[in-house]
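Here is my note on the structure, in numbered points. Please keep the 3D view open as you read.

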Amino acid sequence: MKYNKLIGTILCACCMMSCNDDLLNKTSLTSITEDAVWTDPELIQAFVNARYNQVGHGWTESWMSSCIDETALTWSRGCEQINLGTITSSDIGRMNGGWYGWDNRAWNTEWANIQNCNLFFQNVDNATFTDEDWRTRMKGEVRFIRVLMYHDLTRRWGGLPIITDYYTLSDEKAILNVKRDSYEDCVNWMVAQLDSAATELPGSYSDADDNGRATQAAALALKSRILLYAASDLMNVDVDNELVGYVGSSETQAERWSKAAVAAQEAIDNALENGFALYKKYSDPAENYKNIFMDRLNSEVLFARQGTSSADEENLSYLDQSNSPSGYNGWGGNCPMESFVDAFECLSADGTTATDFSWENFKDTFNIAGGATPWDHRDPRLKATVLYDGAAWSSRNMELFYAAYINGKDTTICSTWKSLSGVTIGSGKDTDRYPTNSWNSSLTGYNVKKFMDEDYVSDSWNFSARDWIWLRLGEQYLNLAEALCETGDYQGARNALDAIRNRAGMPDVAASMSGETLLNKIRHERRIELCFEEHRYFDVRRWKLGSTLAVPNTKIDIYKLYNNDKFDGTGNITGYLYLPKHSVIETRVWNDKLYWLPIPYSEITKNPNLIQNPGY
């Protein structure tokens, strides 16, 4: 859909349509009035397009993944308020906007879009349409976008005022009387709105110019996520404040899990009926996973914020420049954490068995047969997500190592880095000892690959078009798996989970897996499959597992031992030896107030009826 090329003002939208003689006869192009907009369906469509254009994304310099145990940001910028627990209502950091890049999804930005959605609903029923289906479809689109904005706000701040009126400056008194609605009321309202949107929206679009508009599947998928969150422990267990969960509700948590399961299945069924499918274009599962995010408008995407190339001036970000490795003159921004990389499972040689990775037990780490590395024989999604030492990237292989040059054939070196002595240390092109761009070196020993364009030329600022995926079918299978597991339908949960694992080239989970063991497996799968897509921040919180984040985060330094000859640890010199060093880069803090963000201080001072969240 070409909404991403439209300017978000009615005046500019009208100018783009200046070839319309009727429009030219109506009014001056420099003074389009509000009345003119709401009498012309074409202008109303431009207004709706602008609502899409105001939907944000996650590719600012500071990714949300760097406020959780997925990545660490080389230059911090707005993440420390969350990670170190210093957040206040006056300094919310990266979680209230994008910090750098643009005002991405800040409190004011999303409320502004809601306000414009309300303006649409105030006027659209009085407009003259010769095609009623067009009016109905646009109502469904705007209804979906308004709920998407509310969802993005309520999952950060809890219950907020449900505002459906369009306010102007003359409504100051009404505005100042606005109060927060309960979390339960917000969920019920959002679900009802999405049910309505699903009846107003088409299952798919036949015109290529409409690609990217909201569909029934998008509305149902958003409903599925909202109900999954609503059923989770954070909103149900030991809650004493109706603004951040259920208090005195007639519905039980078990009933909410059942509703979440039904909603996820409904979203999946609708998507499949309308031509959506898990993306399986390539024979290599790593290629499938990588290209979910590179092949635009593919079968798995239910809704995305579309971007264009930098040449079209609507590229969503400069993510390639800010995250590519320092050895390529990139800025090495959001770097995968060592614990995150270690979470990718190991695969047996025949691919039928998956086990947890461990540096201590993974013998190939220290004595590698056949030239394998610690990142081989792992979940294929690792290859599509992370750049590690030796990974193929652009014109060469990554060099994220320090080299220890052995003087001669030393057969007494122990297989731990601490025992090294009498060696000369060098470094690869992408480590922090490489002199050209050392300040942008990886903070963790890894660089990000997911979302990244391998053909990008550093410092060119010539970015290819990519879309930020808000909703995709893969998430829905994981929503279904979790909700079914919580209801005790373990077979159904395993089936939904295996659909994602099989697409990724991973074996089925054990047929006997159930209960807490299965639930933990599903949570692990969400961590891997949905990484960097802004799920983990909310997942850990809704599971009430925030305290697990209060641990030292480590980086890995890889040392390679070699000297023309190669040493294998047994006296035969046949291949280089990997020796990892693990060191703490940050100790993060957890406080239970971090389950929710504080209402911005500026909003509290303007309207004292906006009760602050617990702990602030």
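1. Is Asn 113 buried or exposed? Asn 113 counts as buried, because its relative accessibility is 0%. A word of caution: this is a predicted model. Look for Asn 113 in helix α6, which covers residues 107-123. Leaving aside residues up to four places away in sequence, Asn 113 touches Arg 51, Gln 54, Val 55, Ile 145 and Met 149.

2. Now the overall picture. The protein has 616 residues, and 58% of them are buried. Its secondary structure comes to 20 helices and 15 strands. Take the contacts between residues at least 6 apart in sequence: 73% of these join residues at least 24 apart. The accessible surface is about 24200 Å². Carbon and sulfur atoms hold 48% of that surface.

3. Next, the core. In soluble globular proteins, nonpolar side chains tend to be buried together. Here the largest nonpolar core has 154 residues. Which of them touch the most other members? They are Phe 120 and Phe 144. Helix α10 gives the most to this core, with 12 residues.

4. Phe 144 deserves a second look. Residues up to four places away in sequence are not counted here. Phe 144 touches Leu 194 and Ala 197. Phe 144 also touches Ala 214, Ala 218, Ala 219 and Leu 222. Phe 303 and Leu 471 complete the list of its contacts.

5. Check helix α10 itself. This helix has 16 residues, and 16 of its 16 residues are buried. From first C-alpha to last, α10 reaches 23 Å. That is close to the 22 Å expected at 1.5 Å a residue.

6. Helix α9 passes a similar length check. It holds 18 residues, 183-200. At 1.5 Å a residue, α9 should span 26 Å, and its end C-alpha atoms are 26 Å apart, so the two values agree. The buried residues of α9 include Tyr 183, Trp 189, Leu 194 and Ala 197. Gln 193 and Glu 200 are also among them. What do the buried residues of α9 pack against? They pack against α7 (132-157) and α10 (216-231).

7. Turn to the strands. Strand β2 covers residues 301-305, and 5 of its 5 residues are buried. Its partner is strand β12, residues 468-472. The two run antiparallel and are joined by 4 bridges. Find Ala 304, and you will see Ile 469 of β12 opposite.

8. Aromatic rings come next. A search of the whole structure finds 35 aromatic pairs. One of them is Trp 38 with Phe 120. Their centres are 6.4 Å apart, the angle between the planes is 65°, and the pair is edge-to-face. This pair links distant parts of the chain, with the two positions 82 residues apart in sequence. Trp 38 sits in the loop between α3 (34-37) and α4 (41-53), while Phe 120 belongs to helix α6. Both Trp 38 and Phe 120 are buried.

9. Compare the pair Trp 461 and Phe 463. Their ring centres are 5.6 Å apart and their planes stand at 80°, so this pair is edge-to-face. Trp 461 counts as partly exposed because its relative accessibility is 39%. Phe 463 counts as buried because its value is 4%.

10. There is also an aromatic cluster. Its members include Trp 59, Trp 63, Tyr 289 and Phe 293. Phe 340, Phe 344, Phe 451, Trp 468 and Phe 532 belong to this cluster too.

11. Two loops are worth a visit. Met 64 lies in the loop between α4 and β1 (71-73). At 3% relative accessibility, Met 64 counts as buried. Met 64 and Arg 536 are 472 residues apart along the chain, yet their C-alpha atoms are separated by 9.0 Å. Contacts of Met 64, not counting residues up to four places away in sequence, include Arg 94, Met 95, Glu 534 and Tyr 537.

12. The other loop holds Asn 126, between α6 and α7. Is Asn 126 buried or exposed? Asn 126 is exposed, because its relative accessible area is 68%. Asn 126 and Thr 39 are 87 residues apart in sequence. In space, their C-alpha atoms are 8.3 Å apart.

Conventions: Residues are numbered from 1 along each chain as its sequence is written. This is a predicted model: local features need pLDDT of at least 70, side-chain atom pairs count only at pLDDT 80 or more; totals for chains, interfaces and linings use all residues. Side-chain values use heavy atoms; hydrogens and water are left out. The expected span of a helix is 1.5 Å times one less than its number of residues. Buried means under 20% relative accessible area, exposed over 50%, partly exposed in between (1.4 Å probe, protein chains only). Contact means heavy atoms within 4.5 Å. Accessible areas come from the Shrake-Rupley method with a 1.4 Å probe; for residues, only the protein chains shown count as cover. A nonpolar core is a set of buried Ala, Val, Leu, Ile, Met, Phe, Trp, Tyr and Cys residues joined through side-chain atoms within 4.5 Å. Two strands pair if DSSP finds at least two bridges between them. Rings of Phe, Tyr and Trp (its six-membered ring) pair if their centres lie within 6.5 Å; planes under 30 degrees apart count as stacked, over 60 as edge-to-face and the rest as tilted.
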